[in-house]
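This report describes how two chains meet and which charged side chains pair up. Please look at the structure first, then read on.

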Amino acid sequence: MSLFLITKIISFVLLAVAVVVLVLMRKRVKAENKTLTDMMDASGIGMVLFDQDDKIAHLNVHAERFLPELTAHSREMTFSAFMDFVFDRAKEGEEGLSHSIQGEFEKSQQSGFYDVIETCDGRLCLVEIGKTTSGNHIVLLTDLSARKQQEERVSRLTRSNFELEQAVQAMGSGIVICNALSGEHNILYANKAFCDIVALPLEEVVGQKLLTWLKSFCDEDQYKKILSCIRGNDSCDVDVLIAKLKNKEIWFNIKITPITKGEGQVVESFLAIFTDISETKAREATLMQSQKLEALGQLAAGIAHDFNNILSIVDGYAQIAKRYLDDPEKISDYLDKIDQSSKRGAALTKQMLIFSRHKIMEDKVIDMVETIHDQEPLLRSILSGNVSFTISEQSKALPVICAKDAMEQVFMNLVINARDAMPQGGSIEVEMGVAEPGQLPEDMENKDREGGYSYLRVRDDGEGIDEKTIKKIFDPFFTTKEQGKGTGLGLSMIYGRVKEIGGFIDVSSTKGRGATFEIFFPTSDKEPDKVVEGSKSDVESIRLKGYTVLVAEDEAELLALVVDMLEKMGMTVISASNGDEALMKQDDFEGQIDLLLTDVVMPELDGVKLAELFHSLRPDAKIIFMSGYPAMERGAMHNAVNLPKHAEFLAKPFDYEQLARIIYLKLSDNDGEGRKKDEAMAAYWDTND
Amino acid sequence: MTDKVSEITDLKVLLVEDQAEARAMMRNMLAELGITQIFESKDGREALEFVDSAFDFIDLIVCDWNMPNMSGVEFLRQLRTVDPNMPFLMVTGRSDIDSVAEAKASGVTAYIRKPFSPVQLEAKLRIILQRMAA
């Protein structure tokens with residue numbers, strides 16, 4: 001073989017090796033680049049890789065995304081062209097951002113140059129330029145938009161917080177933000193106005209327990225309302241009287257609202273706003289006062305009118321009587337008329353006095369059923385025969401909060417009005433029961449009071465009330481009765497009275513088809529003050545809790561025995577050994593005495609006379625005489641004592657059973673007979689005065 | 001006070017009332033109950049002078065609550081400074097509890113509310129008799 005051939009083969013082999021090495025090297029660089037590329041792709045960072053000729057070797061997917069215009073020229077673009085491209089797009093005014101990034105940059109060592117550019121779709125990109133280990137240029141692009149948005153939001157918040165804060169501080173109302181989660185609801189923030197209201201510096205206000213403060217200002221109901229509102233993450237609004245100064249009252253309106261962060265988020269804090277409304281309240285009071293005075297003026301005019309009538313009647317008859325001094329019958333007649341008139345006057349005075357009282361004397365709990373039925377005989381006596389009168393009730397007892405005389409008066413006036421609406425006769429129906437929530441009228445205040453209401457309904461089928469009149473029907477001094485027939489005091493007085501005890505009155509009527517008055521009384525959860533238990537068939541079970549009896553009996557042993565029996569029945573017993581002692585003891589006793597149980601024959605003051613005197617002072621008490629047959633007495637009587645007709649008596653000797661039964665019947669009022677007897681007896685005394 | 005009084009009819013009464021008609025009516029009512037020994041006075045000042053000079057001529061003072069010049073309570077209070085025991089019946093027209101409480105606190109023996117019937121008056125007088133005896 002020639003030398004030439006050998007040289008050719010060797011150079012061929014060398015070439016082959018070189019090619020292989022080159023290919024391998026290229027592969028390695030590619031591999032290197034690929035690893036880098038993969039990393040960049042995963043990180044979301046855009047990468048532009050240049051080769052040793054400073055031409056773009058590779059654009060990863062993100063770089064294509066950020067700089068779409070690049071891809072079009074990518075193969076031709078040199079590094080320096082690329083740098084021009086970058087400078088063209090450098091974002092002015094992003095110094096703030098750049099600075100914050102610069103700081104971070106300073107810490108890292110990889111890149112030698114950076115800037116922030118805005119891409120064609122408005123994105124902000126950070127451009128970092130560096131060199132790979134192979135010495136090629138590499139450009140990295142990082143999307144800053146998300147970061148910038150956050151920074152903007154933060155600065156916006158900071159700015160708006162500041163403005164809000166200024167606004168809150170400038171407000172006249174006191175504003176507090178409290179912790180809704182802790183039981184103490186301590187104050188987290190308070191504005192200047194609030195600090196002024198409580199006259200404390202901010203440091204002493206923050207941390208205080210809001211509720212403790214409120215407790216000292218609010219009444220029980222208001223405090224409960226606020227507490228349940230806060231606990232329920234509700235809003236509420238109360239007017240609270242903070243202080244009563246010499247010539248004015250300080251009222252604050254307190255508004256509570258929860259601070260919510262969004263749907264389903266836990267409420268962490270609530271807002272309480274305190275606004276001074278003293279002036280508004282003062283104006284309201286003045287207005288009410290002048291309205292009252294006006295009504296009072298009207299009332300006075302009407303009363304004067306009524307009294308004039310009464311007086312002229314009295315005067316008239318007195319004058320006439322003088323002419324018939326020799327005619328006792330006529331005189332008696334005229335005197336009766338004068339008596340009637342003066343009784344009317346007394347009744348009117350009583351009504352006025354009750355009307356003028358600003359507060360009820362006691363918050364008594366009475367049984368509406370019992371009270372209404374008690375009035376039945378009296379009312380029947382003033383209703384003429386052509387009026388049918390029925391009373392019905394849904395429950396055996398209806399305890400309500402109302403003074404007894406108030407209810408009696410209200411009821412009586414309603415029935416009288418009903419009667420007057422039916423001059424030709426008709427029917428009056430009285431119904432009572434527990435009111436369903438749906439029954440309560442729309443415009444009633446405090447409808448969902450705890451315990452609810454009971455209703456008293458008086459319905460008549462008389463001439464009815466037309467729409468126009470119905471609106472004015474409760475105005476003081478409004479009356480449709482003719483001159484001289486009534487003051488109209490009735491309905492407005494009823495309205496006021498009912499309102500005083502926390503009740504409500506409603507009227508519905510159609511002209512020509514009768515009227516229905518409905519009064520709602522607050523139901524009491526307490527028992528009516530006295531309870532009669534047991535039945536007359538089971539004597540041992542009879543209990544008369546809360547009832548008081550006055551016993552008068554001159555025989556010591558018998559007195560002791562009777563006292564024992566009465567105490568066994570559960571009654572409170574006042575004992576006396578003679579009539580005068582009984583009189584004295586009842587005068588000393590402040591409470592109500594329900595029953596007088598008296599012996600008939602006693603020295604000095606006998607039982608009958610005692611009963612008469614006792615009845616004049618305590619007309620509501622029942623009376624039972626011991627010993628109905630004086631003839632059967634021990635025999636030591638010198639004057640036959642006559643029991644009044646219809647008197648209830650218990651013949652001696654009697655045992656426990658008989659005593660219990662007669663007292664039970666007398667006090668439990670289930671027995672209409674008993675009531676009739678009481679009335680008859682009272683009437684007997686009254687006419688024999 | 002005179003010697004022990006055992007009956008209502010024995011009572012010697014000083015009536016203090018400013019209105020003539022009311023005085024007359026009171027006089028009649030007392031007369032109905034058999035009381036005839038009645039002295040009358042138009043106002044508290046006059047009554048005080050009377051009591052001062054003639055205290056052992058009267059058993060009981062019946063006095064109206066509501067009088068001009070000197071009210072019933074005032075009269076009572078002044079009376080009590082010189083005579084803590086003189087039986088005193090206050091005639092009150094008011095129906096509220098406060099007046100009654102005030103009357104009791106000032107030392108009335110008993111009170112009676114207008115309008116009242118002769119029977120009620122009789123009952124009250126009997127009670128006063130009892131208290132006097134005690």
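In this predicted model, B:R126 and A:D580 form a salt bridge, with their closest N and O atoms 2.7 Å apart. The rule finds six salt bridges across the interface of chain B and chain A. At that interface, 14 residues of chain B are in contact with 17 residues of chain A. The area buried between chain B and chain A is about 1600 Å², and carbon and sulfur atoms give 57% of it.

**Two helices at the interface**

Which helices pack against each other here, and at what angle? They are helix α18 of chain A (residues 579-588) and helix α5 of chain B (residues 118-133), and the angle is about 100°. Their axes lie 9 Å apart. Angles of 65 to 115 degrees count as roughly perpendicular, so α18(A) is roughly perpendicular to α5(B).

From α18(A), the residues in this contact are A:D580, A:L583, A:M584, A:Q586, A:D587 and A:D588. They meet B:A123, B:K124, B:R126, B:I127, B:Q130 and B:R131 in α5(B). By type, the residues of the contact divide into six charged, four nonpolar and two polar. A:D580 and B:R126, the salt-bridge partners named at the start, both appear in this contact.

**Salt bridges**

Over all chains, the count comes to 21 salt bridges. The table gives four of these pairs with the N to O distance of each.

| Residue | Partner | N to O distance |
|---|---|---|
| B:R126 | A:D580 | 2.7 Å |
| A:E590 | B:K104 | 3.2 Å |
| A:R459 | A:E431 | 3.2 Å |
| B:E46 | B:K42 | 3.9 Å |

The salt bridge of A:E590 with B:K104 crosses between chains. A:E590 is in the loop between α18 and β22 (595-599) of chain A, while B:K104 is in helix α4 (residues 97-106) of chain B. Are these two partners buried or exposed? A:E590 has a relative accessibility of 67% and counts as exposed. B:K104 has a relative accessible area of 39%, so this residue is partly exposed.

The salt bridge of A:R459 with A:E431 links distant parts of the chain, the two residues being 28 residues apart. A:R459 is in strand β15 (residues 453-460) of chain A, and A:E431 is in strand β14 (residues 426-434) of chain A. A:R459 is partly exposed, with a relative accessible area of 31%. A:E431, at 17% relative accessibility, counts as buried, because buried means under 20%. Both residues also belong to a network of salt bridges that links A:E429, A:E431, A:R457, A:R459 and A:E518.

The salt bridge of B:E46 with B:K42 lies in chain B. B:E46 is partly exposed at 33% relative accessibility, and B:K42 is partly exposed with a relative accessible area of 46%.

**A buried residue in a strand**

The last residue of this report is A:N179, in strand β6 (residues 174-179) of chain A. Its relative accessible area is 18%, so A:N179 is buried. Which residues does A:N179 touch, not counting residues up to four places away in sequence? They are A:H185, A:N186, A:L188, A:E268 and A:F270.

Terms used: Residues numbered from 1 in each chain as written. Chains lettered and ligands numbered in written order. Predicted model: local features only at pLDDT ≥ 70, side-chain atom pairs only at ≥ 80, totals over all residues. Heavy atoms only, no water. Axes fitted to C-alpha atoms, helices over the stretch in contact; angles between N-to-C directions. Helix = DSSP H or I, 4+ residues; strand = E, 2+ residues; numbered from the N terminus. Parallel < 35°, antiparallel > 145°, perpendicular 65-115°, else oblique. Contact = heavy atoms within 4.5 Å. Nonpolar A, V, L, I, M, F, W, Y, C, P; charged D, E, K, R; others polar. Salt bridge = Lys/Arg side-chain N within 4 Å of Asp/Glu carboxyl O. Buried < 20%, exposed > 50% of the residue type's maximum accessible area, 1.4 Å probe, protein only. Buried area = accessible area lost by both parts, 1.4 Å probe.
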